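Grab a pencil and open the viewer. Try each exercise yourself before you read its solution.

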Amino acid sequence: MEQKIKEVCPIVETIKVIGSEAKLLVLRFLFDGSKGFNELQRATKLSSKTLSKALKDLEEAGIVKRVVVSDRPFRVKYELTEKGKELKPVFEEMEKWGSKHILNKT
(Lines give C-alpha, C1' and ligand atoms only; values in the text may rest on other atoms or scores of the structure.)
Protein backbone atom coordinates (compact mmCIF):
# COMPACT_ATOMS: atom_id res chain seq x y z
CA MET A 1 0.00 0.00 0.00
CA GLU A 2 1.36 3.37 -1.06
CA GLN A 3 1.51 5.97 1.67
CA LYS A 4 1.22 9.60 0.62
CA ILE A 5 3.65 11.93 2.29
CA LYS A 6 1.97 15.16 3.23
CA GLU A 7 3.99 18.11 2.02
CA VAL A 8 4.45 20.75 4.68
CA CYS A 9 3.87 24.30 3.51
CA PRO A 10 5.75 26.92 5.55
CA ILE A 11 3.07 29.53 4.82
CA VAL A 12 0.31 27.32 6.18
CA GLU A 13 2.38 26.43 9.24
CA THR A 14 3.08 30.11 9.92
CA ILE A 15 -0.62 30.96 9.67
CA LYS A 16 -1.36 28.16 12.15
CA VAL A 17 0.95 29.88 14.68
CA ILE A 18 0.03 33.56 14.19
CA GLY A 19 -3.18 33.42 12.15
CA SER A 20 -5.95 34.32 14.57
CA GLU A 21 -7.25 37.88 14.66
CA ALA A 22 -6.33 38.14 18.35
CA LYS A 23 -2.72 37.05 17.79
CA LEU A 24 -2.32 39.39 14.83
CA LEU A 25 -3.60 42.31 16.90
CA VAL A 26 -1.30 41.49 19.82
CA LEU A 27 1.70 41.30 17.51
CA ARG A 28 0.76 44.52 15.75
CA PHE A 29 0.79 46.44 19.04
CA LEU A 30 3.91 44.72 20.42
CA PHE A 31 5.93 45.85 17.38
CA ASP A 32 5.79 49.32 19.02
CA GLY A 33 7.39 48.00 22.23
CA SER A 34 6.59 46.05 25.38
CA LYS A 35 3.15 46.45 26.93
CA GLY A 36 1.32 45.36 30.04
CA PHE A 37 -1.81 43.19 29.90
CA ASN A 38 -4.23 46.07 30.51
CA GLU A 39 -2.48 48.24 27.95
CA LEU A 40 -2.77 45.46 25.37
CA GLN A 41 -6.40 44.89 26.27
CA ARG A 42 -7.24 48.57 25.75
CA ALA A 43 -5.33 48.69 22.46
CA THR A 44 -6.74 45.47 21.01
CA LYS A 45 -10.23 45.68 22.56
CA LEU A 46 -10.07 41.92 23.15
CA SER A 47 -11.73 40.22 26.11
CA SER A 48 -9.34 39.22 28.88
CA LYS A 49 -9.96 35.52 28.10
CA THR A 50 -9.17 35.95 24.39
CA LEU A 51 -6.12 38.10 25.10
CA SER A 52 -4.80 35.63 27.71
CA LYS A 53 -5.15 32.74 25.24
CA ALA A 54 -3.43 34.67 22.44
CA LEU A 55 -0.53 35.67 24.72
CA LYS A 56 -0.17 32.11 26.03
CA ASP A 57 -0.13 30.66 22.50
CA LEU A 58 2.40 33.23 21.27
CA GLU A 59 4.56 32.62 24.34
CA GLU A 60 4.49 28.86 23.76
CA ALA A 61 5.52 29.47 20.14
CA GLY A 62 8.51 31.51 21.32
CA ILE A 63 7.24 34.72 19.68
CA VAL A 64 6.32 36.65 22.83
CA LYS A 65 7.94 36.61 26.25
CA ARG A 66 6.51 37.58 29.60
CA VAL A 67 8.82 39.76 31.69
CA VAL A 68 8.22 40.36 35.40
CA VAL A 69 8.63 44.10 35.98
CA SER A 70 8.01 44.18 39.73
CA ASP A 71 7.02 41.87 42.57
CA ARG A 72 5.13 44.41 44.65
CA PRO A 73 2.82 45.26 43.12
CA PHE A 74 3.15 42.30 40.80
CA ARG A 75 3.44 43.55 37.24
CA VAL A 76 4.43 41.93 33.98
CA LYS A 77 5.07 43.23 30.50
CA TYR A 78 4.87 41.34 27.26
CA GLU A 79 7.44 41.82 24.56
CA LEU A 80 8.53 40.23 21.32
CA THR A 81 11.38 37.77 21.25
CA GLU A 82 13.93 37.97 18.43
CA LYS A 83 11.83 35.37 16.62
CA GLY A 84 8.79 37.62 17.02
CA LYS A 85 10.65 40.72 15.83
CA GLU A 86 11.48 38.90 12.60
CA LEU A 87 7.76 39.00 11.74
CA LYS A 88 7.71 42.80 11.42
CA PRO A 89 8.60 42.93 7.69
CA VAL A 90 5.90 40.33 7.03
CA PHE A 91 3.32 42.54 8.76
CA GLU A 92 4.55 45.61 6.88
CA GLU A 93 4.04 43.82 3.55
CA MET A 94 0.59 42.58 4.59
CA GLU A 95 -0.30 46.15 5.58
CA LYS A 96 0.82 47.46 2.16
CA TRP A 97 -1.13 44.77 0.35
CA GLY A 98 -4.24 45.31 2.48
CA SER A 99 -4.11 49.07 2.02
CA LYS A 100 -3.80 48.67 -1.73
CA HIS A 101 -6.24 45.84 -2.38
CA ILE A 102 -8.71 45.79 0.52
CA LEU A 103 -9.06 49.34 1.80
CA ASN A 104 -8.87 51.04 -1.59
CA LYS A 105 -11.56 49.11 -3.42
CA THR A 106 -12.29 51.12 -6.53
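Here are five exercises on this chain, and keep in mind that the model is predicted.

**Exercise 1. Find out how H1 and H2 pack against each other, and which residues meet.**

Step 1: Start with the geometry. Two packed helices are described by the angle between their axes and the distance between the axes.

Step 2: Look up both values. Helix H1 (residues 10-18) and H2 pack at about 80 degrees, and their axes lie 7 Å apart.

Step 3: Put a word to that angle. Since angles from 65 to 115 degrees count as roughly perpendicular, H1 is roughly perpendicular to H2.

Step 4: Zoom in on the meeting place. On the H1 side you'll find Lys16, Val17 and Ile18, and they meet Lys23, Leu24 and Leu27 of H2.

**Exercise 2. Work out how many residues of H2 are buried, and what covers them.**

Step 1: Count along the helix. Seven of the ten residues in H2 are buried, so the helix is mostly covered.

Step 2: Name them. The buried ones are Ala22, Lys23, Leu25, Val26, Leu27, Phe29 and Leu30.

Step 3: Look at what lies over them. The cover includes helices H1, H3, H4 (48-60) and H6 (88-103), and strands E1 (64-70) and E2 (75-80) are also part of it.

**Exercise 3. Compare the salt bridges of lysine 16 and lysine 23: which partner does each one have?**

Step 1: Take lysine 16. Its partner is glutamate 13, with the closest N and O atoms 3.2 Å apart.

Step 2: Check the spacing. Lysine 16 and glutamate 13 are three residues apart in helix H1, which means about one helical turn separates them.

Step 3: Ask how open this pair is. Lysine 16 is exposed, with a relative accessible area of 53%, while glutamate 13 is partly exposed at 32%.

Step 4: Now take lysine 23. Its side chain meets that of aspartate 57 in a salt bridge of 3.7 Å, N to O. This pair links distant parts of the chain, as lysine 23 sits in helix H2 and aspartate 57 in helix H4, 34 residues apart.

Step 5: Check lysine 23 for cover. With a relative accessible area of 10%, lysine 23 is buried, because the cut-off is under 20%.

**Exercise 4. Lysine 35 is buried: what does its side chain reach, and how far away is the nearest side chain of opposite charge?**

Step 1: Locate it. Lysine 35 lies in the loop between helix H2 (21-30) and helix H3 (37-44).

Step 2: Test for a salt bridge. The nearest side chain of opposite charge belongs to glutamate 39, 4.7 Å away. A salt bridge needs the atoms within 4 Å, so lysine 35 has none.

Step 3: Look for another partner. The side chain of lysine 35 reaches the backbone oxygen of phenylalanine 29 at 3.2 Å.

Step 4: List the neighbours. Leaving aside residues within four places in sequence, lysine 35 is in contact with Phe29, Leu30, Leu40, Lys77 and Tyr78.

**Exercise 5. Inspect the backbone at proline 73 and lysine 45: what is omega at one, and phi at the other?**

Step 1: Go to the loop between E1 and E2, where proline 73 is placed. A cis peptide bond joins arginine 72 to proline 73, with omega about -10 degrees.

Step 2: Move to the loop between H3 and H4, which holds lysine 45. Although lysine 45 is not a glycine, its phi is positive, about 60 degrees.

Step 3: Check the surroundings of lysine 45. Its relative accessible area is 72%, so lysine 45 is exposed.

Methods. Residues numbered from 1 in each chain as written. Predicted model: local features only at pLDDT ≥ 70, side-chain atom pairs only at ≥ 80, totals over all residues. Heavy atoms only, no water. Helix = DSSP H or I, 4+ residues; strand = E, 2+ residues; numbered from the N terminus. Buried < 20%, exposed > 50% of the residue type's maximum accessible area, 1.4 Å probe, protein only. Lys, Arg positive; Asp, Glu negative; His and termini not counted. Polar contact = N/O pair within 3.5 Å; in protein donor to acceptor, adjacent residues only side chain to side chain. Contact = heavy atoms within 4.5 Å. Axes fitted to C-alpha atoms, helices over the stretch in contact; angles between N-to-C directions. Parallel < 35°, antiparallel > 145°, perpendicular 65-115°, else oblique.
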